Amino acid sequence: MKKRITLLTLILLFTITSCEVESPASGYQVYFTCDYGYHPFNQITSYGQFITIKRKNNKSYEVTDANGHKNTYNLTELELRTPYHYGLGGLIIGTPSASDGNIWVYDWACPACENARYRLELARDGTGHATCPNCGNIYDLNSEGIPIKGKSRTLWRYNYFTNGTTIVIRN
């Protein structure tokens with residue numbers, strides 16, 4: 001009986017002292033919604049395609065589509081009353097190339113540099129790689145945003161839900 005209690009104590013002690021895995025969730029405020037039935041937002045449901053979204057000013061935001069083309073969108077009066085928040089550096093939204101069809105939403109800022117001005121440069125060659133222009137870290141958007149070059153945590157992710165063709169990203 002004593003051996004069982006000792007074994008249970010050791011298991012409990014090991015569990016308490018084991019390393020924690022850092023959560024990939026970002027603590028930066030985010031709220032964004034769009035209808036992905038329309039271009040360029042419809043690209044987020046295509047496997048291996050990622051778009052980026054960032055605040056342009058207080059009344060508009062900029063979307064870069066999967067091919068690198070930029071478009072500016074003005075916020076509606078309703079959207080101005082419910083302010084959009086774009087995380088630290090903006091948003092990267094897409095569906096990984098080999099996935100179950102779920103959309104993934106990342107923060108556009110490099111988690112190693114943790115600075116809004118160091119937005120990742122997305123490769124537009126179908127690899128799903130994103131590179132930090134400051135530290136050189138490379139992340140794989142198709143594999144949960146893990147770093148494939150350099151030392152860093154995974155990319156920060158945001159929660160979302162869909163309703164029809166509307167996606168709502170928020171934390």
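Is R153 buried, partly exposed or exposed? R153 is partly exposed, because its relative accessible area is 31%. The cut-offs behind these words are simple: buried means under 20% relative accessible area, exposed means over 50%, and partly exposed is in between, using a 1.4 Å probe and protein chains only.

Before we go on, a word about the model. It is predicted, so local features need a pLDDT of at least 70 and side-chain atom pairs count only at pLDDT 80 or more, while totals for chains, interfaces and linings use all residues. Residues are numbered from 1 along each chain as its sequence is written, and side-chain values use heavy atoms, with hydrogens and water left out.

## Salt bridges

R153 has a charged partner. A salt bridge is a side-chain nitrogen of Lys or Arg within 4 Å of a carboxyl oxygen of Asp or Glu, and the whole structure has four of them. Here are three pairs.

| Pair | Closest N to O |
|---|---|
| K54 and E62 | 3.7 Å |
| E114 and R153 | 4.0 Å |
| R157 and E144 | 4.0 Å |

In the pair of E114 and R153, E114 lies in the loop between β7 (104-107) and β8 (121-122) and R153 in the loop between β11 (146-149) and β12, so the bridge ties together parts that are 39 residues apart in sequence. The names come from DSSP: helices (H or I, at least four residues) and strands (E, at least two) are runs numbered from the N terminus. E114 is partly exposed, with a relative accessible area of 39%.

The salt bridge of R157 and E144 also links distant parts of the chain. R157 is in the loop between β11 and β12, while E144 is in the loop between β10 (138-140) and β11, 13 residues away. R157 is partly exposed at 27% relative accessible area, and E144 is partly exposed at 43%.

E62 offers a contrast: this residue is buried, with a relative accessible area of 10%. Together, K54, K56 and E62 are linked in a network of salt bridges.

## Strands side by side

Now look at strand β13 (residues 166-170). Five bridges join β13 to strand β1 (residues 30-35), and the two run antiparallel. Two strands count as paired if DSSP finds at least two bridges between them. Within this pairing, C34 stands opposite I167 in β13.

Strand β12 (residues 160-163) is also antiparallel to β13, with four bridges joining them; there, Y160 has I169 as its bridge partner. β12 and β13 form a hairpin with two residues between them, and G164 in the turn has a positive phi of about 70°.

## Rings and the core

The structure holds 12 aromatic pairs. Rings of Phe, Tyr and Trp (its six-membered ring) pair if their centres lie within 6.5 Å; planes under 30 degrees apart count as stacked, over 60 as edge-to-face and the rest as tilted. The F32 and F41 pair is tilted, because the planes are at 45°, with the ring centres 6.5 Å apart. F32 and Y84 have ring centres 5.0 Å apart and planes at 65°, so this pair is edge-to-face. The pair of F32 and Y84 links distant parts of the chain: F32 sits in β1 and Y84 in the loop between α2 (77-81) and β5 (85-86), 52 residues apart. Both F32 and Y84 are buried.

Ring pairs also link Y31, F32, F41, Y61, Y73, Y84 and Y86 into a cluster. Y31 lies in strand β1 and is partly exposed, with a relative accessible area of 23%.

Where else does F32 appear? F32 is among the residues with the most contacts inside the largest nonpolar core, which has 20 residues. Such a core is a set of buried Ala, Val, Leu, Ile, Met, Phe, Trp, Tyr and Cys residues joined through side-chain atoms within 4.5 Å. Strand β1 gives the most to this core, with three residues. A second, separate core of 14 residues includes I92, W108, L120 and Y139.

W108 has one further feature: the charged end of R119 sits over the ring of W108, 5.5 Å from its centre. For this, NZ of Lys or CZ of Arg must be within 6 Å of the ring centre and within 35 degrees of the ring normal.
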